[in-house]
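Thanks for coming. I will go through one structure this morning, starting with its sheet and then moving to a helix.

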Amino acid sequence: MPLFDDDILAKIETSRNEIPHPSLEKGSSIYGSTKIFPDIQAEPGQSYLTLVHGIAHESSVSFVACLQALRALRKGFDSVVYFYGPGSMNAIATRGFPTTGDSAFPGEQNINNTLQTFMDEGGHVFVCRFGLSLHGLREEDLMPGTIPCHPLDVQDALIYFANKGAVINSTYMV
């Protein structure tokens, strides 16, 4: 017995043909390209602090914050990423399935790859030890090159960079 009767099949065909698909060919521009603000480059000694309190892969917050920190570094800012709370799990080296480093889905290693590029290009990544402990992660699970730190350092890092006049990008996921 077929899944759909002739009446339903006819309505499916009608529905598919009501609006042509795709309405635009691949490569068609549907958004303008005018950049409003100037492409500001850092003055010597300027800093950029990115605070991340977001879970890897649960939203784009953490990944976009890492991309922004990398862009700031490439603009000449002394750029720092500070993961705290659940954000700490972004910096683990044990991500992957079926083995570490593998991608069970496209993009599983995006954060790790971006952080590695960030550090390779001179950025610094701090990771709260308490944030790790909240999720049963160990310090030895961290990506090489990251800097584990005390939970009380979150506030003092913020004050330190504010006193330096840093641009502070604070991301938070609830």
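**The sheet and helix H5**

In this model, 5 strands make up an open sheet, ordered E4-E3-E2-E1-E5, with parallel pairing. Please keep in mind that the model is predicted. At the edges sit strand E4, residues 147-149, and strand E5, residues 167-172, and each of these pairs on one side only. From one strand to the next, the twist averages 20°.

Take one pair from that sheet. Strand E1, residues 47-53, and strand E2, residues 78-83, run parallel and are joined by 6 bridges. If you want to find the register, start at Leu49, whose bridge partner in E2 is Val80.

Now the helix. Helix H5, residues 153-163, packs on the sheet and touches E1, E2, E4 and E5. The direction of H5 makes about 155° with that of E1.

Which residues of H5 are buried? They are Val154, Ala157 and Phe161. These three lie on the same side of H5, because they cover an arc of only 65° around the axis. And what covers the buried residues of H5? The cover includes E1, E2 and E5. On the face of H5 turned away from the buried side, you will find the exposed residues Gln155 and Asn163.

One last item, on what comes after the helix. H5 is followed by Gly165, which has a positive phi, near 80°.

To recap, H5 packs on the sheet, with Val154, Ala157 and Phe161 buried and with Gln155 and Asn163 exposed on the face turned away. I will stop there.

Key
Residues numbered from 1 in each chain as written. Predicted model: local features only at pLDDT ≥ 70, side-chain atom pairs only at ≥ 80, totals over all residues. Heavy atoms only, no water. Pairing = 2+ DSSP bridges. Helix = DSSP H or I, 4+ residues; strand = E, 2+ residues; numbered from the N terminus. Axes fitted to C-alpha atoms, helices over the stretch in contact; angles between N-to-C directions. Contact = heavy atoms within 4.5 Å. Buried < 20%, exposed > 50% of the residue type's maximum accessible area, 1.4 Å probe, protein only. Arc of directions from axis to C-beta.
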